[in-house]
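The following paragraphs offer a guided reading of a predicted model. Attention falls on its sheets and on the helices that accompany them.

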Amino acid sequence: MDRLVIRGGRRLKGEVQISGAKNAALPIMASTILSQGKHNIKDVPHLRDVMTMGKLLANLGAGFHIHNNETIIDCDRIKNFEAPYDLVKTMRASVLVLCPLVARFGRAKVSLPGGCAIGARPINLHLMGLEKMGAKIQLESGYVIAKATRLKGASIYFDTITVTGTENLMMAAVLAKGTTILENAAREPEVVDLANCLIKMGARINGAGSSVIEIEGVDELKPIANYSIIPDRIESGTFMAVAGITGGDLVLKNCIPEHLDAVIMKLKDAGVVFKETKKGLRVIGPEKLIARDAKTIPYPGFPTDMQAQFMAMMTVAKGTSIIKETVFENRFMHVAELKRMGADINIEGGTATVKGVERLKGAPVMATDLRASASLVVAALCAKGETIIHRIYHLDRGYERMDEKLRQIGADIERLTS
Ligand code: EPU
């Protein structure tokens, strides 16, 4: 298993090219099931999760090729309708094939994802919506088996805002008979990106990006032709944290600042300076960060996917920061590891109290999930001495060539392969 060795303490400077968004690429890849033909998608990041989605599509009978910046998915020969446990257990987003399969082929057998490191993460709302659209759903030996002749439009209200739930049901509705209304829908930029791609395929969708989405079903869709995935806002946010904690000076190329309003406002309050330049967004870290509180909420609020990296910054800020996690019940796995590096953090329920210390010290630590790993990298970059981060396959799931990008801006970082 690969590990990263980071010797902290350098001010990082230079340009960083932000990759396409993982969480937009995954649903868009799943949406190819909705139409026969050859789909062509641009800016899909080269990541473990993308490869897992590719394997899943290939397992259904689709052709899947990545060539430079083009991802080609050929959906002419889909003949299997099952997402097996072995793939779903490595990536929960596999559940995104459920609705496209039922919408186009009238059936799907998808393994239930089960819990994961950050929480129980049920899919009850995906199933509730699909059932409302007329699908018959059975749960059998850990699998969801869904069948329908043709889905029909329905009014669906989400009790909890769910990103992949909104995406899955939007994909069910585009081929359904009649109109579907999704209320209390997720407003994340990745939901909007999927909607824009579906619209290019011929779908009729209004309101994506607001909490009410209206979809009028059509009889068929065209394959995706040269659709480019939006930049990864969480990768941008993570590099903002890198600049912030190292007192660095970075220019983020291919970053859409509007997707990060809440993060940018918070980091400005904490002393980070932002400047829009022709090349990209310039981010300058201060001599000493100032402690600020944060609370995670669905978009446009402060993202749960940035909580761990923000906490890493706060471990060395001046003052005390209260960080509340409200989206997932167990997303503090990074805390024990940050404490091994000398951080002063106390957790009570969903609230972490972080008292800034003068400096973190390098230590051997273990990555437990994707964003937790990112927070350990952020912390290690400013720590005194050497940090060894084990199990970085978590990081490779969601960050494209992160070690290489960090090395290019001056980090002392090495990947050890065993
Ligand atoms: N929830 C339910 N029932 C459902 C669905 C969700 O109770 O049927 C609950 C979840 O347990 C959670 C909350 O609703 O407490 C929000 O979960 P959501 O469904 O929005 O999460 P997700 O769609 O599974 C996506 C991202 C996550 C990101 C969350 C929140 C993808 C592939 N994943 O997950 O990304 O944290 O939205 O923004 O889009 C990551 O990239 O590291 C990551 C975990």
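Strand 8 and strand 9 (residues 143–147) run antiparallel and are joined by five bridges. Within this pairing, Glu140 stands opposite Tyr143 of strand 9. Both strands belong to an open sheet of four strands, arranged in the order 6-7-9-8 with mixed pairing. Strand 6 (82–83) and strand 8 (136–140) occupy the edges of this sheet; each has a single partner strand, so one side of each is left without a neighbour in the sheet.

Two helices accompany these strands. Helix 4, comprising residues 98–105, packs on the sheet and touches strand 7 (107–111) as well as strand 9. The direction of helix 4 makes about 165 degrees with that of strand 7. Helix 5, formed by residues 124–132, lies across strand 8 and strand 9, and its direction relative to strand 8 is about 145 degrees.

A further sheet deserves separate consideration. This open sheet consists of four strands in the order 10-11-13-12, and its pairing is mixed. Its edge strands are strand 10 (155–157) and strand 12 (204–206), each of which pairs on one side only. On average, neighbouring strands in this sheet are turned by 15 degrees against each other, with direction ignored.

How do strand 10 and strand 11 run, and how many bridges join them? Strand 10 runs parallel to strand 11 (residues 179–183), and three bridges join the two. Here Ile156 stands opposite Leu182, a residue of strand 11.

Terms used. Residues numbered from 1 in each chain as written. Predicted model: local features only at pLDDT ≥ 70, side-chain atom pairs only at ≥ 80, totals over all residues. Heavy atoms only, no water. Pairing = 2+ DSSP bridges. Axes fitted to C-alpha atoms, helices over the stretch in contact; angles between N-to-C directions. Contact = heavy atoms within 4.5 Å.
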